[in-house]
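Here are my notes on the structure, set out as numbered points. Please read them beside the sequence and the coordinates.

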Amino acid sequence: MERRETILNELKATSKFLDKGIDMPFVVSEAYFKNLSMDILKDIEKGEHVPNKNIEFPNYSIPNNYFSNLSNSILENIQNKEVSDELSSFAPTLNSIAKKAPYQVPDNYFNDFTLNTKVQTTTYSSETKVVSIVNKKWYQIAIAASIIGFIATLGYFIFEKSSSINASYASYKSVDVQGSVQKVSDDDLEKYLNNNDVVTSSTDLIIGDDAEEVNPKQEIKTVSDNELKQYLKEVGESKKNVKKRI
Amino acid sequence: MHLDDRELLDLFRNISTKESAFEAIIKKFQERLYWHIRKMVISHDDTNDMLQNVFIKVWKGLDNFREDSQLYTWLYRIATNECLTFLEQRKKKSTFSLEDDENGMSNTIKADQGFDGNKLEWKLQLAIQKLPERQRLVFNLRYFDAMPYEKMSKILETSEGALKASYHHAAKKIEQYILNN
């Protein structure tokens with residue numbers, strides 16, 4: 001009402017004709033507003049307010065889901081603006097780069113993805129009960145038996161190998177070499193030495209497994225005085241002979 | 001048009017509409033999750049494998065989803081964990097140094113069909129690979145997805161202040177790389 005008063009005052013100031021005020025000349029029956037809602041409902045029932053389908057509206061087009069996505073797109077714009085404002089304060093160069101990863105995606109990837117996943121979800125479905133085709137108890141026994149078998153076989157080979165080494169070593173140790181050699185005839189020994197390249201140096205013979213270290217001082221004690229005299233006499237004569245020849 | 005998360009969850013909990021609801025969830029989130037993963041692992045094949053794993057985990061875990069957080073946040077968290085696990089495993093498998101791992105990622109980027117070293121968006125991708133993994137995640141979520149820090153905080157379980165600082169450092173490092181290369 002205050003606005004009406006203001007408008008009238010403005011009009012009075014503008015024109016004297018309007019100074020006296022003008023009443024609205026149109027008249028509406030008192031029952032009009034009282035019955036308005038009822039009248040509209042009656043019209044709707046009669047179908048008088050249904051828009052005429054034959055009327056052609058101008059061919060305006062709206063993108064699909066425009067109104068359903070409107071709130072989201074406005075929110076996105078606000079958030080993008082925030083990010084952009086933020087960057088401009090400490091890394092403005094980044095605002096000039098497109099905010100979209102440049103990688104390629106195979107054609108129809110997202111359409112096909114659903115099918116691919118459907119297969120997997122069926123497999124992983126919690127509703128699907130997986131029934132084993134093998135009796136679980138027998139299956140466990142079979143696994144245990146195979147493990148035991150494997151360990152036993154492995155153990156057999158390990159122990160068999162070590163015992164065969166020990167056995168062969170023991171058998172070699174127990175051989176009576178001297179007795180065996182005596183049984184062999186001289187002809188056979190000669191044939192063996194001729195047919196086999198048996199090369200043994202004096203060193204090989206001394207440094208054998210069973211050879212004891214030779215101590216010359218100890219060894220000389222075992223030689224008798226007569227044997228020594230005989231040795232010195234032989235050596236002395238041989239030296240005299242050599243001098244005479246010279 | 002996509003259904004809202006509340007409707008999708010109700011449909012998923014109904015045994016007769018469970019599968020169709022799950023398909024709708026995939027349709028609704030597949031693209032966002034794909035890009036979230038792709039920007040971290042670069043290769044399409046790795047991304048595809050991981051996206052499959054993410055949705056398998058969703059299928060298994062959605063019955064127990066307590067709705068303390070939004071479905072979107074929960075899905076992003078699964079995808080993020082999947083990314084971090086994958087990158088960790090790749091690092092362990094690699095016999096080379098961290099630097100070689102970075103070079104490997106850069107080589108994967110350069111091997112992309114559309115790669116153009118002169119274009120800023122590719123330089124940006126190369127620069128992002130220089131960041132530590134978690135900083136890379138923060139940068140990608142903020143820069144490409146314009147994700148508010150509040151949401152990011154729920155996904156990465158880190159305070160908003162720490163995320164802001166991390167993003168700030170990441171953006172500065174990237175800008176330096178772009179300006180110097």
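1. I begin with a charged residue of chain B: E133(B) is buried, with a relative accessible area of 17%, in what is a predicted model. Its side chain meets that of K91(B) in a salt bridge, with 3.2 Å from N to O. The two residues belong to distant parts of the chain, E133(B) to helix α7 and K91(B) to helix α4 (residues 71-93) of chain B, 42 residues apart. K91(B), at 29% relative accessibility, counts as partly exposed, because the buried class ends at 20% relative accessible area.

2. A further salt bridge within chain B joins D145(B) and K39(B), whose closest N and O atoms are 3.3 Å apart. D145(B) sits in the loop between α7 and α8 (149-156), whereas K39(B) sits in helix α2 (residues 18-41), so this pair ties together parts of chain B that are 106 residues apart in sequence. Here D145(B) is partly exposed, at a relative accessible area of 28%, while K39(B) is buried, at 5%.

3. Which residues meet in a salt bridge between the two chains? The side chains are those of R142(B) and E86(A), at 2.9 Å from N to O, and the rule finds 1 salt bridge across the interface of chain A and chain B. Over all chains, the structure holds 11 salt bridges. R142(B) is in helix α7 of chain B and E86(A) in helix α3 of chain A, so the pair joins two chains. R142(B) counts as buried at 3% relative accessibility, and E86(A) likewise counts as buried, at 17%.

4. Turning to the interface as a whole, 38 residues of chain A are in contact with 45 residues of chain B. The area buried between chain A and chain B is about 4000 Å², and carbon and sulfur atoms give 64% of that area. On the side of chain A, F90(A), Y103(A) and F110(A) lose the most area to chain B, together 20% of what that side buries.

5. The rule also finds 9 residue pairs in polar contact across the interface of chain A and chain B, with both residues at pLDDT 80 or more. The elements of chain A that give two or more residues to the side touching chain B are α3 (66-90) and α4 (109-124), and α4(A) supplies the largest share, 11 residues. By class, this side of chain A has 17 nonpolar, 15 polar and 6 charged residues.

6. Aromatic residues deserve a separate look, since the structure holds 21 aromatic pairs over all chains. F12(B) and W59(B) form an edge-to-face pair, 5.7 Å centre to centre with 90 degrees between the planes. The pair links helix α1 (residues 5-13) and helix α3 (residues 44-61) of chain B, the two residues being 47 apart. F12(B) is buried, at a relative accessible area of 0%, and W59(B) counts as buried at 6%.

7. By contrast in geometry, F139(B) and Y143(B) form a stacked pair, 5.0 Å centre to centre with 15 degrees between the planes. They are 4 residues apart in helix α7 (residues 133-143) of chain B, and so are separated by about one helical turn.

8. Ring pairs also link residues of both chains into a cluster, among them F110(A), F113(A), F12(B) and W59(B). Chain B itself has 9 helices and 0 strands, and 51% of its 181 residues count as buried.

Note on methods: Residues numbered from 1 in each chain as written. Chains lettered and ligands numbered in written order. Predicted model: local features only at pLDDT ≥ 70, side-chain atom pairs only at ≥ 80, totals over all residues. Heavy atoms only, no water. Contact = heavy atoms within 4.5 Å. Buried area = accessible area lost by both parts, 1.4 Å probe. Salt bridge = Lys/Arg side-chain N within 4 Å of Asp/Glu carboxyl O. Polar contact = N/O pair within 3.5 Å; in protein donor to acceptor, adjacent residues only side chain to side chain. Nonpolar A, V, L, I, M, F, W, Y, C, P; charged D, E, K, R; others polar. Phe/Tyr/Trp six-rings, centres within 6.5 Å; stacked < 30°, edge-to-face > 60°. Buried < 20%, exposed > 50% of the residue type's maximum accessible area, 1.4 Å probe, protein only.
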